[in-house]
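Visitor: Hi, could you walk me through this one? I'd like to start with the helix packing and then look at how the chains meet.

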Amino acid sequence: MGFDETRVCDAQPRGTDSISGNDGVHTVIASLSISVLIGTFVASSVEVTEMVIIVVGVGSTRGWRSTWFGSGAGFIVLVAIIAALGQALSLIPIGTVRIVIGALLLTFGLQWFRQGVIQTAADGFTGTTEEEEAEAAEGAEGAIDWTAFVLAFKGVLLEGLEVAFIVVAFGAGGGAGGGHGFGIGAGHSGYESAFIGAAAAFIFIGALGALANRQLQEVPGRTLKFGVGGLLSTFGTFWALEGLGVHWPGGDLSLAWLYALYLGATFTLMRTVRAGLFGPSPAKLQARSQQ
Amino acid sequence: MSRIWGWIVGFGRFWYGFIIGDDWLAATGVLVMLGGAYGLLQLDVPAWWFGPVVILATAAWTIRRGLIRRSGHD
């Protein structure tokens, strides 16, 4: 991978490093590679967005306490893996990790898909069933919701690993191609730039996620569950097939049309179920159970 | 000992509920998707379309099963 070595120091007149008097900070800034920093920021933003969507979606529908525990645990495992493997991260079979996590998300997403269509077809987007009330009561009792924990854990771990791969790839490329001598760290400053780019992506996308969460609080729970079920199925399909080596047309942009397709199919299925064209209609079932 | 056993059973139940849930068809659909896509890749045929097709078919089938099961219970 070849990267332009457009360094901050190149844009400054020589001999200005000592103007601030803070040589340490200045040296770090001066050694950063802007191309690596921006490249890592953009590439990481895609992965961090996927992570934040899953965490915010799960937190909004299943409760935040267990989601935070799951995210925290995922982050700790991620840091431990990075600390243990360092630049040897590429030894991890990311394809297999994608297949396993994608398949699990998809299996769970399909269950929500089914429940969502049947329940919503029966009594709309804002109603609640006994099942849903029991779920809410369970969460309120303070016990860990392991489903939320596992979903958040997997989202943070997989996407975090992908960000770590991006940092390693951009960092190594950034240092190697520049023609500047960095000793062992032929790429040392490249790694610093890549790390800062990835950290900036976490902060920026994380802040957007916090804003989105406020808006999501206005959305009825079942509607949200419906949307999150579609998201889990979308990410699950995408990751599982990507792990197998399938090339999606448009790369990560396929997530958008896949989500639109699943949501469109969900509404079509719901109307079909409501009309009774798909076996007994939920309205009839409800009326029968009330007799 | 019984506490550890209880934990193991709870762990197994959690994963059973997570993967199988109340219909095994969803998990089977995912396996069919993975197997079929792998087969298409071996034949050098683009496989990206196969996943959504299998998943939507599985979703429709499992919804129908859910409705029929509910009517049977009532």
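**Helices and interface**

Guide: Sure. Keep in mind that this is a predicted model. In chain A, the axes of helix α4 (residues 94-123) and helix α9 (residues 254-274) approach within 9 Å, crossing at roughly 45°.

Visitor: What does that make α4(A) relative to α9(A)?

Guide: Oblique, because angles of 35 to 65 degrees fall between roughly parallel and roughly perpendicular, and that crossing makes α4(A) oblique to α9(A). As for handedness, α4(A) passes α9(A) in a right-handed crossing.

Visitor: Which residues of α4(A) and α9(A) meet?

Guide: On α4(A) you have F113(A), V117(A), T120(A) and A121(A). They meet Y262(A), T266(A), L269(A), M270(A), V273(A) and R274(A) of α9(A). Sorted by class, that contact has seven nonpolar residues, two polar and one charged.

Visitor: OK, switching to the two chains. How many residues are in contact between chain B and chain A?

Guide: Chain B puts 35 residues in contact with 42 of chain A.

Visitor: And how much area do chain B and chain A bury between them?

Guide: About 3,300 Å², with 81% of it on carbon and sulfur atoms. On the chain B side, F18(B), W48(B) and L67(B) lose the most area to chain A, together 22% of what that side buries.

Visitor: How many salt bridges turn up across the interface of chain B and chain A?

Guide: The rule finds one.

Visitor: Which residue does D22(B) form a salt bridge with?

Guide: R114(A), and the closest N and O atoms are 2.0 Å apart.

Notes:
Residues are numbered from 1 along each chain as its sequence is written. Chains are lettered from A and ligands numbered from 1 in the order in which they are written. This is a predicted model: local features need pLDDT of at least 70, side-chain atom pairs count only at pLDDT 80 or more; totals for chains, interfaces and linings use all residues. Side-chain values use heavy atoms; hydrogens and water are left out. Axes are lines fitted to C-alpha atoms, for helices over the stretch in contact, and angles run from 0 to 180 degrees between N-to-C directions. Helices (H or I, at least four residues) and strands (E, at least two) are DSSP runs, numbered from the N terminus. Angles under 35 degrees count as roughly parallel, over 145 as roughly antiparallel, 65 to 115 as roughly perpendicular and the rest as oblique. A crossing is left-handed if the near helix is turned anticlockwise from the far one by less than a right angle, and right-handed if clockwise. Contact means heavy atoms within 4.5 Å. Ala, Val, Leu, Ile, Met, Phe, Trp, Tyr, Cys and Pro count as nonpolar, Asp, Glu, Lys and Arg as charged, and the others, Gly among them, as polar. Buried area is the accessible area (1.4 Å probe) that two parts lose on being put together, summed over both. A salt bridge is a side-chain nitrogen of Lys or Arg within 4 Å of a carboxyl oxygen of Asp or Glu.
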